[in-house]
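This report concerns helix geometry, burial and charged side-chain pairs. The structure under discussion is shown below.

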Amino acid sequence: MNPPPVDATAPKPPRRRVHTRARLLAAAGDLFLTVGFARTSIEDVCAAAGYTRGAFYSNFAGKEDLLLALFDDQATERMAELEKLAAVRAALTPAERARVLVEALLRVEPAETGWILLFLEFRLVAARSEVLAEQVAAHDRAVSAALAEVLERALPELVPPGATARQAAAVILAAREGLLARTAAGGAVADDLLDATAAVLAGLLG
């Protein structure tokens, strides 16, 4: 007995959809980091991932939506790393603890440099589009809220008196992004600026 015909219009199983999305994200991440956001097309991403444009649009509204999803994933990983900062024990003085925590928040690992440049590129693109600017602002608000929750629960010493955790998170993230823009090339100047920023923020927060 022959099996019933497959309905081509039926939705794919959730697991397959998750796999497709993951492959598209991975392919896009490689391309964006290699040649940049502007020079990567949806066709490039589809070809690298081995999918059609239909598969792409069943997962993402466009290239900008895809990049924001990548940034969300990066932010989630960063929040997980921040959880580990709570292991810095109270054996340190408040000022020493604040300095250690601020340095950990601000320091850029070599693998992050490409993501920094990519995010800065996208900010410039979004600044010229009201719709994209609001999408980036929504991303920023979500990341600030996530960091604020970590600060309240695990790192309260990084919230100075008179400020809310959300305010502290917004300032820390803005300082980090500004620092990253100035230090993406690395070198002694970047190290000096990191030390200076960490000292000032630690003094204010500690």
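In this predicted model, helix H4 comprises 21 residues (residues 63-83), which at 1.5 Å a residue should span 30 Å; the end C-alpha atoms of H4 are 31 Å apart, in agreement with that expectation. Buried residues of H4 include Leu66, Leu67, Leu68, Ala69, Leu70 and Phe71. Lys63, Ala75, Arg78, Met79 and Leu82 of H4 are buried as well.

Turning to charged pairs, the structure contains five salt bridges. Among them are the following.

| Pair | Closest N to O distance |
|---|---|
| Arg53 and Glu43 | 2.2 Å |
| Arg123 and Asp140 | 2.9 Å |
| Glu134 and Arg141 | 2.6 Å |

Arg53 forms its salt bridge with Glu43, and this pair links distant parts of the chain: Arg53 belongs to helix H3 (residues 53-57) and Glu43 to helix H2 (residues 42-49), 10 residues apart. Arg53 is classed as partly exposed because its relative accessibility is 37%, and Glu43 is likewise partly exposed at 43%.

A salt bridge also joins Arg123 and Asp140. Because Arg123 lies in helix H6 (residues 113-126) and Asp140 in helix H7 (residues 130-154), the pair ties together parts 17 residues apart in sequence. With a relative accessibility of 25%, Arg123 counts as partly exposed; Asp140, at 26%, is also partly exposed. Together with Glu177, Arg123 and Asp140 are linked in a network of salt bridges.

In the pair of Glu134 and Arg141, Glu134 is partly exposed at 41% relative accessibility, and Arg141 is partly exposed with a relative accessible area of 45%.

Notes: Residues numbered from 1 in each chain as written. Predicted model: local features only at pLDDT ≥ 70, side-chain atom pairs only at ≥ 80, totals over all residues. Heavy atoms only, no water. Helix = DSSP H or I, 4+ residues; strand = E, 2+ residues; numbered from the N terminus. Expected span 1.5 Å × (residues − 1). Buried < 20%, exposed > 50% of the residue type's maximum accessible area, 1.4 Å probe, protein only. Salt bridge = Lys/Arg side-chain N within 4 Å of Asp/Glu carboxyl O.
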